[in-house]
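User: Hi! I'd like to go through this model with you before I set anything up. Could you take my questions as they come?

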Amino acid sequence: MKLIAIAALSTLGWLVANSAHAQKTSVQSIEEYRQMLQDGNPADLFEAKGEGLWKKKRGPKNASLEQCDLGKGPGVYKGAFLELPRFFVDTNRVQDLESRLLTCMETLQGLNAADIAKTPFGKDEQNNVTALATWLAAESKDGQFKLPQSHPQEKISYEVGKRLFFQRGGTHDFSCASCHSKDGTRIRLQDLPTLTKNPGDGVGFAAWPAYRVSNGQMWGMQQRLNDCYRQQRFPYPGFGSEATIALGVYLGVNSQGAKSAAPTIKR
Ligand code: HEC
């Protein structure tokens, strides 16, 4: 029912937005459309699934994820999302929420993390990772981002992310900065947040995972980055790769102090 309502709203929203565009009030109309969307976010369904998956005994080891250490100690999940990506001693690397979930799925449940990382978005265990990330983000909703930057690896990761953000290349010589470093820019009707600084509460880094009305899919940050690499005409560096995590550190540290709105709903 909810999904049908959302689909109807979405169509209506575009009609309003498109006709109003001609009357020079498109920005206001889009804002109204966005507010209308907030009334029913199908992300709720993914949250419920994610919570179930966290508690369910699964995999060759028939174990739940309840002892997963997301950075605040085994089993502590409230607030963990606001401090990721961060350095983990056991894996000796900086990890974001999604790559850390793969670690827990492997060590606690006996699932194969490399296989899951290779699975296309929207398929099999990837769907479970997205649902888990959605629920875990929801458990930290409205908290402020405070990514740790005290470990040397965390600082290096930020610097790597910054360089990747400005790295130009590909057929169009684009970098992330080509689309995300000037205030007030848009592609068609989509606002392009400035990600070289704090873009504000619930914007950019602070908005994902998000439910995307246009294709009816729930996307985590890794898929958001994947799609922006596509827009950049670059090959994707791989799910949970050092490069995507470094970009997460760069965006997350830039968003320090911003309020997390994830999971959000996007056009
Ligand atoms: C060709 C332009 C383009 C390039 C290059 C690009 N993006 Fe994007 N990005 C977009 C568009 C358009 C959206 C909004 C998409 C939508 O609404 O579906 C977006 C959305 C985002 C968002 C979510 C913003 C929000 O508030 O929801 C993030 C984060 C992001 N991009 C990061 C990046 C990063 C990191 C890179 C470099 C790897 C990058 N983008 C490269 C066009 C681009």
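User: Thanks! How do the residues of the shell around the ligand divide into nonpolar, polar and charged?

Analyst: They divide into 15 nonpolar, six polar and three charged. Here Ala, Val, Leu, Ile, Met, Phe, Trp, Tyr, Cys and Pro count as nonpolar, Asp, Glu, Lys and Arg as charged, and the others, Gly among them, as polar. Keep in mind that this is a predicted model: local features need pLDDT of at least 70, side-chain atom pairs count only at pLDDT 80 or more, and totals for chains, interfaces and linings use all residues. Residues are numbered from 1 along each chain as its sequence is written.

User: Which residues are the closest to the ligand?

Analyst: Cys176, Cys179, Cys228, Gln231 and Gln232 are the closest, out of 24 that surround the ligand. A residue is near a molecule if its C-beta atom, placed from the backbone, lies within 6 Å of it.

User: And which element gives the largest share of the shell?

Analyst: That's α9, with five residues. Helices are DSSP runs (H or I, at least four residues), strands too (E, at least two), numbered from the N terminus.

User: What comes after α9?

Analyst: Arginine 233 follows α9, and its phi is positive, near 60 degrees.

User: New topic: at what angle do α7 and α10 pack?

Analyst: About 95 degrees, with the axes 7 Å apart. Axes are lines fitted to C-alpha atoms, for helices over the stretch in contact, and angles run from 0 to 180 degrees between N-to-C directions. So α7 is roughly perpendicular to α10 (65 to 115 degrees counts as that).

How values were computed
Parallel < 35°, antiparallel > 145°, perpendicular 65-115°, else oblique.
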